[in-house]
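Got the viewer open? Load the model below and follow along, one selection at a time.

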Amino acid sequence: MKPETPPNTARSALMARVRQRGTKPELVVSELLRRIGCRYRLNVRTLPGSPDFANKARRWAVFVNGCFWHHHKACRRATIPGANRPFWLEKFASNRRRDAAAARALRRLGFRVVVVWECETADPGPLFTRLSEILKPSGDRIREPVDH
Ligand SMILES: [Zn+2]
């Protein structure tokens, strides 16, 4: 069960949670995707979890997760506010459950799913490598190898 009423500070933080477009981590990711040569749509509401970036034809989806709201494990940005700790713990747990459910649903649809954490976008080099390994557009992915 979710705690019923968050305190005012929590509530205003919840309002701020509404996904903002064009925040810096998302700009970093969009730039990397363009450099890799991936075409995408933004905030794809017709897919589970409304991925931040997705290409339905090529069946991939990228989520850019804030370390605080999605409670990135072992990340120093994933702090837990001291006041009303049970509320926050449940909030983070429910965010993570929702993230996991969306990823599962997408994988069932045959999508590659990538979660990019906010803290990863501070160092775009390794992120570029990771994204290009997973998403690199390639005709080989579509054609099955044929052995004669
Ligand atoms: Zn993080």
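Select the whole chain and colour by burial: of its 148 residues, 36% count as buried, meaning under 20% relative accessible area with a 1.4 Å probe and protein chains only, whereas exposed is over 50% and partly exposed lies in between. This is a predicted model, where local features need pLDDT of at least 70, side-chain atom pairs count only at pLDDT 80 or more, and totals for chains, interfaces and linings use all residues. Numbering runs from 1 along each chain as its sequence is written, and side-chain values use heavy atoms, with hydrogens and water left out.

Now switch to cartoon. You'll find 5 helices and 4 strands, in the order α-α-β-β-β-α-β-α-α; these are DSSP runs (helices H or I, at least four residues; strands E, at least two), numbered from the N terminus.

Next, pick the zinc ion. C67 (SG), H72 (ND1), C75 (SG) and C119 (SG) coordinate the zinc ion at 2.1 to 2.4 Å; donors here are N, O and S atoms within 2.8 Å of the metal (3.2 Å for Na, K and Ca), and water is not among the atoms, so sites may look incomplete. The angles between the 4 donor atoms run from 99 to 115 degrees, so the arrangement is tetrahedral (for four donors, all angles between 85 and 135 degrees). Along the chain the donors are spaced C-x4-H-x2-C-x43-C. H72 sits in the loop between β3 (60-65) and α3 (85-108), and C119 in the one between β4 (112-117) and α4 (124-135), so this pair ties together parts 47 residues apart in sequence.

Last stop: click those two in turn. H72 is buried, because its relative accessibility is 16%, while C119, at 23%, counts as partly exposed.

Definitions and conventions. Four donors count as tetrahedral if all angles lie between 85 and 135 degrees; four count as square planar and six as octahedral if opposite donors are over 155 degrees apart and all others between 65 and 115; anything else is irregular.
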